[in-house]
Amino acid sequence: MKAGAYGHGVLPIARAAIEAGAYCLAVATVDEGVELRLGGIDAPILLLSQPMFDEIPRILDNRLITMVSDIDYAEALNRQAAAAGLIIPVHLKVDTGMGRMGCPTSSAPDLARCIAGCTALKYDGTATHFASSDSARPDDIAYTRQQLERFHQVLNDIRALGLDPGIVHAANSGAVLLHPDSWFDMVRPGILLYGYNAVSEACPFPVQPVMELRSNIVFIKQVKKGESLSYGRTWQAPHDTVAAVIPAGYADGLPRLASNRWQVLINDRLYPLTGNICMDQCLADLGPETTVKRWDEVSLFGGKAPDAAKLAATIGTIPYEITCNINKRVPRVYIE
Ligand SMILES: *Cc1c(COP(=O)(O)O)cnc(C)c1O
């Protein structure tokens with residue numbers, strides 16, 4: 001559910017996920033967890049990223065389950081939970097090769113022993129995260145296999161101490177699709193839930209992008225050969241034509257890098273975006289003989305238009321960045 005459910009709007013997506021059987025929801029920040037609680041979500045909420053220590057009171061108040069990567073944080077949580085008279089579940093996070101959060105594999109047993117010894121903490125889970133599980137390149141497959149082996153070793157070391165690692169989880173979308181042996185007790189798919197095939201291979205089960213960005217034409221204008229459109233005059237009409245102004249820009253999350261490189265769908269036909277995308281508006285070239293009218297609906301991506309993954313590929317990024325960047329000011333409409 002992090003980043004407003006990857007830009008889709010967190011509460012309706014959270015409710016749909018729980019209705020579909022999700023056991024636990026994951027967020028990146030304490031604020032995101034609080035937003036779910038204020039929205040009436042009662043399911044377990046897992047905080048994936050490392051918070052600031054001064055956020056611990058809100059973690060306790062909102063019953064967030066945190067990942068713990070180091071002894072300092074475990075002890076700070078323990079102190080504050082004990083002072084509040086609580087026993088809170090935590091998950092141990094180990095870095096098997098992602099190179100971000102998580103304790104080194106060699107210190108995982110010490111951290112597990114520390115957590116298990118904290119009277120106000122319940123050692124409830126053990127997790128790792130993959131760096132390139134979405135790639136089927138042989139070297140990436142080998143790297144993921146190595147991460148998995150290290151994770152198994154860590155789990156063995158923890159069990160050898162007589163400790164129960166709790167809910168074991170590792171798989172993001174790429175690993176859900178390409179590495180069934182990494183599923184353990186729980187999986188953490190993100191982008192896959194929103195309908196993007198996270199891997200370059202054919203998706204073993206059909207998914208369809210959830211998000212469509214729509215607008216309506218608010219202004220139509222005649223453009224003479226040689227006239228330019230928008231900031232920087234990056235596009236000049238090669239002949240007399242008609243242009244449409246669409247009230248969606250980079251502040252809405254339409255990437256400015258798509259200027260002069262993307263097409264939008266109007267009445268089942270694609271038209272090029274022309275000139276630089278502005279903060280709040282963009283323009284499409286309708287051609288000289290157009291039947292398109294003011295107020296006609298425009299699909300900027302998704303739906304019957306090329307989707308966010310295609311747009312991402314066109315401008316050299318990933319669909320995550322496209323959907324997460326759709327600004328809060330864009331109204332979300334949910335269609336069953
Ligand atoms: C974002 C995130 C995921 C989900 O990743 P996807 O690639 O969207 O499936 C899983 N685990 C952690 C720790 C994450 O930060």
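**Briefing: two helices, a tyrosine cluster and the nonpolar core**

At the start of helix α9, a side-chain oxygen of Asp307 comes to within 2.9 Å of the backbone nitrogen of Ala309. Keep in mind that this is a predicted model. The chain is assigned two domains, domain 1 (50–194) and domain 2 (213–324), and their centres, taken over C-alpha atoms, sit 43 Å apart. Below is a quick tour, topic by topic.

**Helix α9**

- Which residues of α9 (308–315) are buried? They are Ala308, Leu311, Ala312 and Ile315.
- These four all lie on the same side of α9, because they cover an arc of only 100° around the axis.
- What do the buried residues of α9 pack against? Their partners are β16 (297–301) and α10 (319–324).
- Just past the end of α9 you'll find Gly316, which takes a positive phi of about 80°.

**Helix α3**

- Helix α3 spans residues 30–38, and its buried residues are Val30, Glu32, Gly33, Val34, Leu36 and Arg37.
- Those buried residues have plenty to pack against: the helices α1, α2 (10–19) and α4 (56–61), plus the strands β1 (25–27), β2 (45–47) and β3 (64–68).
- After α3 comes Gly40, with a positive phi near 90°.

**The nonpolar cores**

- As a rule of thumb, nonpolar side chains in soluble globular proteins tend to be buried together.
- Here, the largest nonpolar core has 89 residues, and the members that touch the most others are Met1 and Leu36.
- Domain 1 (50–194) and domain 2 (213–324) each supply at least three residues to this core.
- Another core, of eight residues, lies apart from that one; among its members are Cys24, Leu46, Leu48 and Met67.
- Who does Leu36 contact, leaving aside its neighbours within four places in sequence? The list runs Met1, Val10, Leu11, Ala14, Leu25, Val27, Ile41 and Ile45.

**Aromatic pairs**

- The model has four aromatic pairs.
- Take Tyr6 and Tyr320: their ring centres are 5.9 Å apart and their planes meet at 35°, so this pair counts as tilted, with stacked reserved for angles under 30 degrees and edge-to-face for those over 60.
- Tyr6 belongs to helix α1 (residues 2–6) and Tyr320 to helix α10, so the pair ties together parts that are 314 residues apart in sequence.
- Are the two partners buried or exposed? Tyr6 counts as buried because its relative accessibility is 8%, and the cut-off for buried is under 20%.
- Tyr320, at 31% relative accessibility, counts as partly exposed.
- Ring pairs also bring in Tyr194, so to speak: Tyr6, Tyr194 and Tyr320 are linked into a cluster.

**Out at Ile87**

- Where is Ile87? It is in the loop between α5 (71–83) and β4 (88–95).
- Ile87 counts as exposed because its relative accessibility is 61%, and the cut-off for exposed is over 50%.
- Not counting residues up to four places away in sequence, Ile87 touches Thr119, Ala120, Leu121 and Lys122.
- Ile87 and Arg261 are 174 residues apart along the chain, and 54 Å separate their C-alpha atoms.

Conventions
Residues are numbered from 1 along each chain as its sequence is written. This is a predicted model: local features need pLDDT of at least 70, side-chain atom pairs count only at pLDDT 80 or more; totals for chains, interfaces and linings use all residues. Side-chain values use heavy atoms; hydrogens and water are left out. Buried means under 20% relative accessible area, exposed over 50%, partly exposed in between (1.4 Å probe, protein chains only). The arc is that of the directions from the helix axis to the C-beta atoms. Contact means heavy atoms within 4.5 Å. A polar contact is a pair of N or O atoms within 3.5 Å; within protein, one must be able to donate a hydrogen and the other to accept it, and residues adjacent in sequence count only if both atoms are side-chain atoms. Domain bounds come from an automatic or database domain assignment. Rings of Phe, Tyr and Trp (its six-membered ring) pair if their centres lie within 6.5 Å; planes under 30 degrees apart count as stacked, over 60 as edge-to-face and the rest as tilted. A nonpolar core is a set of buried Ala, Val, Leu, Ile, Met, Phe, Trp, Tyr and Cys residues joined through side-chain atoms within 4.5 Å.
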